[in-house]
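Got your viewer open and a cartoon on screen? Let's walk through this one stop by stop, selecting as we go.

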Amino acid sequence: MPGHIIRRLKPEEEEILRKREDLAALRATLAERELELVDLRSQLAAFEGRYLRQVGTLYAELDEWKARISELRARLDPSGAASARAREAREQARQAYEDAHGKASETRDFTPSPELRSLFREVAKRIHPDFCRDASDLARRTRFIAEANRAYEAGDAEALQRILDEDQDGADAVKGEGIGAELIRIIRQISHAKERVAAIEQELAALCQSEIALLKKQAEEREQEGRDLLAELATAVRERIERTKKEYETVAKQDKPT
């Protein structure tokens, strides 16, 4: 029985195989980090929406009463300083109202399904901009990944599937020929992906230290104690509103002609 001749791989071919394995592992890692980042953003946005609806609207009401008091006092004491304070208070009330009733307040809680998470992970592995081959490919991938982020945050699995279908994995087509050209492309992809993973780690760390993240963590700790932090904050702000209303009434009496 004739033996099979097995061609030994050249050193550069062996290197390409090793680099391909490294790149495949890095693709998976990057996809997981991208998923972790979009999850955290979604969770913080949902919590911020709850905070704005439960507490932010009350702070806006409180600032409105404070602005009214400042405006009354400016009428009683029409000095430049009093007028300036009234304008500042009115601007703060306006900004607080816009923040409390803006788009961020509309964000609702959602729990991504396993299918949604799996689809997003696949998009990140196949279409991530860090694996582009040229400027045109980068623009295409960047558009797809932005659409994927929006689809994930909206819980739209069909949109994620359409992105995968439209891409058809054509982004991995290689320009140029020869082992050397391919090796250079893989090395560059690995380098870009490592940089993106490091950037995601930094963004995750920054998000975890953000004001809304710390408040969310505090709310979760209170929940373990059987308490509702947002409800407690809302109660405290309502009490301040009542005190501020009484202060307004007191100042208003001074504004009435005798």
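Start by colouring helix α1, residues 11-76, and helix α7, residues 211-224. This is a predicted model, and in it the two helices pack at an angle of about 75°, with their axes 10 Å apart. That angle makes α1 roughly perpendicular to α7, because anything from 65 to 115 degrees falls in that class.

Now show side chains where the two meet. On the α1 side, pick Gln43, Leu44, Phe47, Glu48 and Tyr51; on the α7 side, pick Ile212, Ala213, Leu215, Lys216 and Ala219. Sorted by character, the residues of this contact come out as 7 nonpolar, 1 polar and 2 charged.

Keep Phe47 on screen and add Asp109, which is in the loop between α2 (80-101) and α3. Setting aside neighbours within four places in sequence, Asp109 touches Ala46, Phe47 and Arg50. Is Asp109 buried or exposed, or something in between? With a relative accessible area of 48%, Asp109 counts as partly exposed. Try a distance label too: the C-alpha atoms of Asp109 and Asp39 are 11 Å apart, although 70 residues separate them along the chain.

Next, the aromatic rings. How many aromatic pairs does a search of the whole structure find? The search turns up 2.

For one of them, select Trp65 and Tyr248. Their rings are edge-to-face, 5.2 Å centre to centre, with 70° between the planes. Trp65 belongs to helix α1 and Tyr248 to helix α8 (residues 229-255), so this pair ties together parts that are 183 residues apart in sequence. Switch on a surface here: Trp65 counts as buried at 15% relative accessibility, whereas Tyr248, at 23%, counts as partly exposed.

Then jump to Phe120 and Tyr152, a tilted pair with 5.1 Å between centres and 50° between planes. Phe120 is in helix α3 (residues 114-127) and Tyr152 in helix α4 (residues 135-153), and the pair links these distant parts of the chain, 32 residues apart. You'll want to hide the surface for this one, because both rings belong to buried residues: Phe120 has a relative accessible area of 1%, and Tyr152 has 0%.

Last stop: arginines over rings. Select Arg27 and Phe131, and you'll find Arg27 over the face of the Phe131 ring, 4.0 Å from the ring centre. Then select Arg143 and Phe144, where the charged end of Arg143 sits over the ring of Phe144, 4.6 Å from its centre.

How values were computed:
Residues numbered from 1 in each chain as written. Predicted model: local features only at pLDDT ≥ 70, side-chain atom pairs only at ≥ 80, totals over all residues. Heavy atoms only, no water. Axes fitted to C-alpha atoms, helices over the stretch in contact; angles between N-to-C directions. Helix = DSSP H or I, 4+ residues; strand = E, 2+ residues; numbered from the N terminus. Parallel < 35°, antiparallel > 145°, perpendicular 65-115°, else oblique. Contact = heavy atoms within 4.5 Å. Nonpolar A, V, L, I, M, F, W, Y, C, P; charged D, E, K, R; others polar. Phe/Tyr/Trp six-rings, centres within 6.5 Å; stacked < 30°, edge-to-face > 60°. Buried < 20%, exposed > 50% of the residue type's maximum accessible area, 1.4 Å probe, protein only. Lys NZ or Arg CZ within 6 Å of the ring centre and 35° of its normal.
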